[in-house]
Each structure stands twice: as C-alpha cells, then as structure tokens.
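Here are some friendly exercises, each with a solution worked out step by step. Try each task with the structure in view before you read on.

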Amino acid sequence: MQRAQEKSPWLWIPSLYFAQGIPYVAVMVLSVIMYKDYGTSNTDIALYTSWFYLPWVIKPLWSPLVAMFRSQRFWIVSLQLLIGPALALVAVSTRLAHFFPLTLAMFWLIAFSSATHDIAADGFYMLGLQEHQQAAFVGVRSTFYRLAMISGQGGLVYLAGRLSESTGDKSLAWSVVFYLLAALFIGLSLYHRWVLPKPAGDRFGVCHGPIVKDFCASFRAFFKKKDIVVILGFLLLFRLGEAQLLKLATPFLLDPLEKGGLGLSMSAVGLVYGSVGVLALTLGGLLGGYVISRHGLKRCLWLMVLAVHVPDLVFVYLASALPTDVVVVAAFLAIEQFGYGFGFCAYLMFMIMVADGAHKTAHYAICTGFMALGMMLPGMVSGWIQQQLGYPHFFIWVCIATVPGFAMAALVKIDPAFGKLHGRAQGVKIAL
C-alpha cells in the first residue's frame, strides 16, 4: 500500500467520481432531452432510452471479471479513453440523417463502458485508501458525483438550449455539448493515468477457480435469503410510479402547451430541473440520511415512503394548471425532488440491510441490478402510456402506480435498531 499513499486522495477522488457521474447523465438524461429536441415521439424515447439501464441491471454478472483480467486502474484509464471517442461519435452523429440509430449505438457503448467503469472505480476506491480514509472521503465522492449531475443535467442542457436559441441550429448545439464531453473524458483519462496511485492490492489474475465458485455461491446465498420474494418485490416495485414519471418529466416540461406540456425552453429546463431540482434532491438525501441515523430505518420507513410518492401529485397539478411562471414551476419541482431525495434514502438503506452478511459487496451489486431493472421495465412502456392517456391522466396513473410500493413497504421486515449510527451507508454511491 506504500505506493498508494504517495499522492493525496484529493488529487484523484473528486475527478474520479465526477467522471463516474457524467456518462450516466449523458446516457440517461441528455439522450432524452436531445431526442425530444429532435422531435422523437415520447413512445420511442421512453422505450429505447430505458434499455440503457440494462448494463447496470446485469453489471453484477461481469463484475468479478474486471479484477480477473486487468487491474482496476487499467480499467479506469482505458474506459475513460473509450468513452471520450464514443461521445465524439455522438457529436458527429447528431448532424447525420440517420442520427437516431447511430446515437443509440453510441449511447449503448457508453452505457456498458460507464457501468464497467463504476465497478472499477468503486473497487479502486477501496484498494487505494485505508479504511479510515474511505470513511473520511465518502462525502467527497458523493458531492462530486452530484456536481456531475448538476453539470450535465443543468449546465450542459442550459448550454445546449442557449446555443440552439442563438444559432438556430440544434444539431450544432448538441454537437458542441458532446464534443466538450469528449474532450473532457480524453483529458480525464490522461490525467488519471498520471495521478492515480498504484496500490499493491490492485493486481489482476490472482484468482481463477475459486472466484467462479465464490461467484456462484454468492448468487445462491442471495436467493436463499429469508423472505426473498418480499425483498425482490420491494426492490422492483418501490419505484414503479417514479420509474415512469422520470422518463416523461423532461418531455413534459419541453412539450408545447398545445400538446399538454409546459412549453419551457431547453435552457429553462436546465435551470429549473437540472440545477434547482438536483440541488433539492441532494438536500433531501442529506436530510434523509441524517434522520435514519438518528431514528433507524424501521421508524422512518413510512415517512420516507410517503415522501417519495405523495409529491408525484405535483405533476398532476402542473399538467392540469399549466403554469407559465418559471419560478412557480421551479418551486414545485424542488418540492417533488426534495421529497424523492429524502425518501429514497430508505430504499438505499434497505439494500444495505439486505446485502449485509458474508457476501456483502456481491449482494449489494445484485440489489442495485434489481433496482435498475425496476426502473428499466416500467420506463420502457411509459411513453406509450402517456401518449394514450395524455399528460394529466398519465400523471394520475403514475400516482396509482405507487400503490404496489406502499403494499411492499407494509410487508418488509426490518430490525428496529437497523440504521441507527452504526447503520450509516458509508461508501455507497447514490444512483438515482
């Protein structure tokens, strides 16, 4: 571990977790807004972009292979170098006639690279730091991941909107955004090749036969857990409504009034949803973590379930009243996002509780896979449902779709002491 301590963690942890957040935002958020700007239907947007969750769904299946074949450091540097040109190809494709299938292919490549990068980065975090440093820097990694969310969902969307408005060329606007991201990732790859430490434990090929046996054993142990059906039901259904709302939130904000949307400009969406909304989400998450640490997950569960689902009514109001004041829209979105951030802490802590045991890391990865599956499947059909119902009735349907989440919350069993002080989620990246 000597070599790992030669360079300060401040030199690489902020940039590493900023780099972890940006591709996720590009695939899950920028793609939706770009396709909407190009006039793609909500049905196609929701269906095709929901498939981007798949790499995160199946990530646990190939996570052991990362350590088997190359070092975590190698994967980080190489994948960033791969993501950079892939983003540049998205920029090139935005100006071509067949941009939709071409950009979909590039986003798929970025999604798989990003999911693998997550595996390597989180593994490297544990290898490159001593235990007390891991605890000390958990807030730093979370903060810079959030800054990536604000930069992408807020700053880049605002930039695309302003460029499109000033030049009248949306293709040029999106090309500039993705070229900037491409340059950023090529630069990050070169920077991390120089700055990342070389921990003694970051070696590949140290396990061959045993790793396959352990891998299979961890999967068997997970599905033999007590009340596994209820556990899976909670993981898959807790965000059934939110998964559908999330895919159509930005199209609703961008669609003109005659189509039932709010008719906001892209730059306005970048400000009210990408910046104000993400900030409210972050503050809600911080408060949620504090409340659980004081009172435990069991005592807080129903408060947090309500906090996630009840604010969905905000979109019912917005779709019915169609307010034109951006400040009013921002205020309502901040309420919804704050509630979501606050309540989602219960979901994260539930996954930590389920994962606790002999195969903690593997079981948490499996939980996150089911979490992504619970977002992917409802999201795929959400665009079609919205186009059949219209925005007001669609958001009412979203509220109805929260009922299974309430039902599963009533069935889960939680130790009253879990979550208090010792149950804090140290080192867990919030993946919203």
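**Exercise 1: a cysteine and its surroundings**

Find out whether Cys 345 is buried or exposed, and explain how many disulfides there are.

*Solution.* Keep in mind that this is a predicted model.

Step 1. Start with accessibility: Cys 345 has a relative accessible area of 8%, so this residue is buried.

Step 2. Look for a partner. The closest cysteine sulfur to that of Cys 345 belongs to Cys 300, at 9.9 Å. A disulfide needs the two sulfur atoms within 2.5 Å, so the distance between Cys 345 and Cys 300 is too far for a bond.

Step 3. Turn to Cys 367, which is buried because its relative accessibility is 0%. Its sulfur has Cys 345 as the closest cysteine sulfur, but 16 Å separates the two, too far for a bond.

Step 4. Give the total: the count is zero disulfides.

**Exercise 2: two helices side by side**

Work out how α4 and α5 are oriented to each other, and what kinds of residues make up their contact.

*Solution.*

Step 1. Locate the helices: α4 covers residues 72-93 and α5 covers residues 99-128.

Step 2. Read the geometry. Their axes come within 9 Å and cross at roughly 160°. Angles over 145 degrees count as roughly antiparallel, so α4 and α5 are roughly antiparallel to each other.

Step 3. Add the handedness: the crossing of α4 past α5 is left-handed.

Step 4. Sort the residues of this contact between α4 and α5: 20 are nonpolar, nine are polar and one is charged.

**Exercise 3: another helix pair**

Decide how α2 lies relative to α11, and which handedness their crossing has.

*Solution.*

Step 1. Helix α11 spans residues 240-254, and α2 packs with it at an angle of about 140°, the axes being 10 Å apart.

Step 2. That angle makes α2 oblique to α11.

Step 3. The crossing of α2 past α11 is right-handed.

**Exercise 4: rings that meet**

Count the aromatic pairs, then describe how the rings of Phe 52 and Phe 107 are placed.

*Solution.*

Step 1. The count comes to 32 aromatic pairs.

Step 2. In the pair of Phe 52 and Phe 107, the ring centres are 5.9 Å apart and the planes stand at 55°, so the pair is tilted.

Step 3. Place the two residues. Phe 52 sits in the loop between α2 (42-50) and α3 (54-69), while Phe 107 belongs to helix α5, so the pair ties together parts 55 residues apart in sequence. Both Phe 52 and Phe 107 are buried.

Step 4. Compare with Phe 222 and Phe 370, a stacked aromatic pair with 6.4 Å from centre to centre and 10° between the planes. Phe 222 is in helix α9 (residues 209-223) and Phe 370 in helix α16 (residues 360-389), so this pair ties together parts 148 residues apart in sequence. Phe 222 is buried at 0% relative accessibility, and Phe 370 is buried at 17%.

Step 5. Ring pairs also build a cluster, with Phe 52, Phe 107, Tyr 48 and Trp 108 among its members.

**Exercise 5: far in sequence**

Find how many residues separate Ser 78 and His 192 in sequence, and how far apart they are in space.

*Solution.*

Step 1. Ser 78 is part of helix α4 and is partly exposed, at 28% relative accessibility.

Step 2. Ser 78 and His 192 are 114 residues apart in sequence, and their C-alpha atoms are 10.0 Å apart in space.

Terms used. Residues numbered from 1 in each chain as written. Predicted model: local features only at pLDDT ≥ 70, side-chain atom pairs only at ≥ 80, totals over all residues. Heavy atoms only, no water. Axes fitted to C-alpha atoms, helices over the stretch in contact; angles between N-to-C directions. Helix = DSSP H or I, 4+ residues; strand = E, 2+ residues; numbered from the N terminus. Parallel < 35°, antiparallel > 145°, perpendicular 65-115°, else oblique. Left-handed = near helix turned anticlockwise from the far one by under 90°. Nonpolar A, V, L, I, M, F, W, Y, C, P; charged D, E, K, R; others polar. Buried < 20%, exposed > 50% of the residue type's maximum accessible area, 1.4 Å probe, protein only. Phe/Tyr/Trp six-rings, centres within 6.5 Å; stacked < 30°, edge-to-face > 60°.
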